[in-house]
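Reader: I've just opened this one and I'm new to it. Could you walk me through the labels and tell me what earns each of them?

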Amino acid sequence: MPNIAYPALIDAGWRDLAFEHFREGITVHWLLKGGPAEPSVAILNYRPGAGVPRHRHVALETIVVLEGTQSDENGDYLPGSVILNPVGTEHSVWTKHGCVVLIQWNLPVVILDETK
């Protein structure tokens, strides 16, 4: 099987991708959609004010901020930031003005509080 390549993806090439609903205020383009016990890689496009409630990482999650600013309890992440969320870490995620991230989950996260 050949590899999967996305030319110029981090240089705004993601703008040409088709997005679908992911959760309130967030759309997704799946680069590689794994199952419940497989890795997934996606581009997430957050509208201004969107966020993800507190969740736990059961495996490594890697994020690269492509545009805008993503925030969590540890700080604000500007374009070019790489965030590693190791096994067992917990946080919520939000954006004030919107952002686009490249994200890879080794396994899906566990949402801890869906009411937020």
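Author: Sure, and let's begin with pairing: two strands pair if DSSP finds at least two bridges between them. Keep in mind that this is a predicted model.

Reader: What makes strand 5 and strand 10 a pair, then?

Author: The definition asks for at least two bridges, and 7 bridges join strand 5 to strand 10. That makes them a pair, and they run antiparallel. One of the bridges puts Val 65 together with Val 101 in strand 10.

Reader: How do you know that strand 5 pairs with strand 8?

Author: Use the cut-off again: at least two bridges are needed, and here there are 4, in the antiparallel sense. Strand 8 covers residues 82-85, and its Ile 83 stands opposite Ile 63.

Reader: Why are strand 7 and strand 11 called edge strands?

Author: Look at the order of the open sheet: 7-6-9-4-11, with antiparallel pairing. Strand 7 (75-77) and strand 11 (110-111) each pair on one side only, and that is what the name refers to. For strand 7, 3 bridges join it to strand 6 (residues 70-72), and Gly 75 in strand 7 stands opposite Asp 72.

Reader: Now the rings. Why is the pair of Phe 22 and Trp 105 called stacked?

Author: Ring centres have to lie within 6.5 Å to pair, and planes under 30 degrees apart count as stacked. The centres of Phe 22 and Trp 105 are 6.1 Å apart and the planes are at 20°, so the pair is stacked. Phe 22 belongs to strand 1 (residues 20-23) and Trp 105 to strand 10, so the pair ties together parts 83 residues apart in sequence.

Reader: And what makes the pair of Trp 30 and Trp 105 tilted?

Author: The planes are at 45°, which is neither under 30 nor over 60 degrees. With centres 5.8 Å apart, the rings do pair, so this one is tilted. Trp 30 sits in strand 2 and Trp 105 in strand 10, 75 residues apart. Ring pairs link Phe 22, Trp 30 and Trp 105 into a cluster, and the whole structure holds 4 aromatic pairs.

Reader: How do you know whether Trp 105 is buried or exposed?

Author: Buried means under 20% relative accessible area. Trp 105 has 9%, so it is buried. Phe 22, at 29%, counts as partly exposed, because its value lies between 20% and 50%. Trp 30 counts as partly exposed too, with 21%.

Reader: What makes a group of residues a nonpolar core?

Author: The members must be buried, be of certain nonpolar types and be joined through side-chain atoms within 4.5 Å. The largest such core here has 16 residues, and Ile 26, Leu 44, Tyr 46, Val 101 and Ile 103 touch the most other members. Strands 2, 3, 5 and 10 each give two or more residues, and strand 10 gives the most, with 4. A second, separate core has 7 residues, including Trp 14 and Leu 66.

Reader: Which residues is Ile 26 in contact with?

Author: Leaving aside neighbours within four places in sequence, Ile 26 contacts several residues, among them Leu 44, Tyr 46 and Val 52.

Reader: Last one: where does the label "ChrR-like cupin" come from?

Author: From an unreviewed UniProt entry, whose domain annotation covers residues 16-103. Over that stretch, the chain is 0% helix and 59% strand.

Note on methods. Residues numbered from 1 in each chain as written. Predicted model: local features only at pLDDT ≥ 70, side-chain atom pairs only at ≥ 80, totals over all residues. Heavy atoms only, no water. Buried < 20%, exposed > 50% of the residue type's maximum accessible area, 1.4 Å probe, protein only. Contact = heavy atoms within 4.5 Å. Phe/Tyr/Trp six-rings, centres within 6.5 Å; stacked < 30°, edge-to-face > 60°. UniProt positions renumbered as here; feature names shortened; annotations may be inferred.
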